[in-house]
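Open the model in your viewer and keep the sequence panel beside it. This tour goes from one selection to the next.

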Amino acid sequence: MTNLILLVFEGEVTERRVWLSLNRFYLNGDNGPIVYGIYGGEIYSLFHKMKKDPDLDLFSLLKESQKNLDLLDGISKEQVSEIYLFFDY
């Protein structure tokens, strides 16, 4: 079983550059167990949804998004051990 770390960003353009820089400079380009996804909106609203509903399946919510079809293709909930939300505010 793979233990992937999922990094979730608000948007697609600037955040993708941040991800590539993080990956290149701090993770030495080794994508290993780290993947990224996109929420596609203000991540604070996602945080508040999670606070209100402790049973919210965050991975399924992200996987259903059109923005993550390619990014999370072939990845199952069971493979993800950690999820981090990146706020750009």
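Which residue in β3 is the bridge partner of leucine 4? Select valine 80: in β3, this valine is the partner of leucine 4. Before going on, note that the model is predicted, that local features need pLDDT of at least 70 and side-chain atom pairs count only at pLDDT 80 or more, while totals for chains, interfaces and linings use all residues. Residues are numbered from 1 along each chain as its sequence is written, and side-chain values use heavy atoms, with hydrogens and water left out.

**The whole chain**

Color by secondary structure. The protein chain has three helices and three strands. Here helices (H or I, at least four residues) and strands (E, at least two) are DSSP runs, numbered from the N terminus. Along the sequence the pattern reads β-α-β-α-α-β. The chain has 89 residues, and 30% of them count as buried. Buried means under 20% relative accessible area, exposed over 50%, and partly exposed in between, with a 1.4 Å probe and protein chains only. Take the contacts between residues at least 6 apart in sequence: 71% of them join residues at least 24 apart. Contact means heavy atoms within 4.5 Å.

**The sheet**

Select the three strands. They form an open sheet in the order β2-β1-β3, with parallel pairing. Two strands pair if DSSP finds at least two bridges between them. The edge strands are β2 and β3 (80-85), each pairing on one side only. On average, neighbouring strands are turned by 25° against each other, direction ignored. Axes are lines fitted to C-alpha atoms, for helices over the stretch in contact, and angles run from 0 to 180 degrees between N-to-C directions. Five bridges join β1 to β2. β1 and β3 also pair over five bridges.

Now isolate β2 (34-38). Five of its five residues are buried. On one side sit Ile34, Tyr36 and Ile38; on the other, Val35 and Gly37.

**Leucine 7**

Go to leucine 7, in strand β1. Is leucine 7 buried or exposed? Leucine 7 has 9% relative accessibility, so it counts as buried. Its opposite number in β2 is tyrosine 36. Show its contacts, leaving out neighbours within four places in sequence: Trp19, Ile34, Val35, Tyr36, Gly37, Tyr84 and Phe86. Then draw a distance to glutamate 82. That residue is 75 residues away along the chain, yet the two C-alpha atoms are separated by 8.5 Å.

**Helix α1**

Select residues 14-26. This is α1, with 13 residues, reaching 18 Å from its first C-alpha to its last. That is close to the 18 Å expected at 1.5 Å a residue; the expected span is 1.5 Å times one less than the number of residues. The helix lies across β1 and β2, running at about 145° to β1.

Highlight Glu15, Trp19 and Asn23, which are buried. Look down the axis: the buried residues fall within an arc of 75°, so they line one face of the helix. The arc is that of the directions from the helix axis to the C-beta atoms. An α-helix has 3.6 residues a turn, so residues three or four places apart point the same way. What covers the buried residues of α1 includes β1 and β2. Turn to the other side of α1 to find Arg17, Arg24 and Phe25 exposed.

**Two cores**

Show side chains for Leu6, Val8, Tyr39, Phe59, Leu62, Leu72 and Ile75. These have the most contacts inside the largest nonpolar core, which has 13 residues. A nonpolar core is a set of buried Ala, Val, Leu, Ile, Met, Phe, Trp, Tyr and Cys residues joined through side-chain atoms within 4.5 Å. β1 (4-9), α2 (43-52) and α3 (58-64) each supply at least two residues of this core. A second, separate core has seven residues, including Ile5, Trp19, Ile34 and Ile38.

Center on isoleucine 75. Neighbours within four places in sequence aside, isoleucine 75 is in contact with Leu4, Val35, Phe59, Lys63 and Val80.

**The loop between α3 and β3**

Two residues end the tour. Asparagine 68 lies in this loop and is buried, with a relative accessible area of 1%. Not counting residues up to four places away in sequence, asparagine 68 touches Gly37, Ile38, Leu62 and Asp73.

Aspartate 70 is in the loop between α3 and β3 too. At 73% relative accessibility, aspartate 70 counts as exposed. Draw a last distance, from aspartate 70 to glycine 37: 9.5 Å, C-alpha to C-alpha, with their positions 33 residues apart in sequence.
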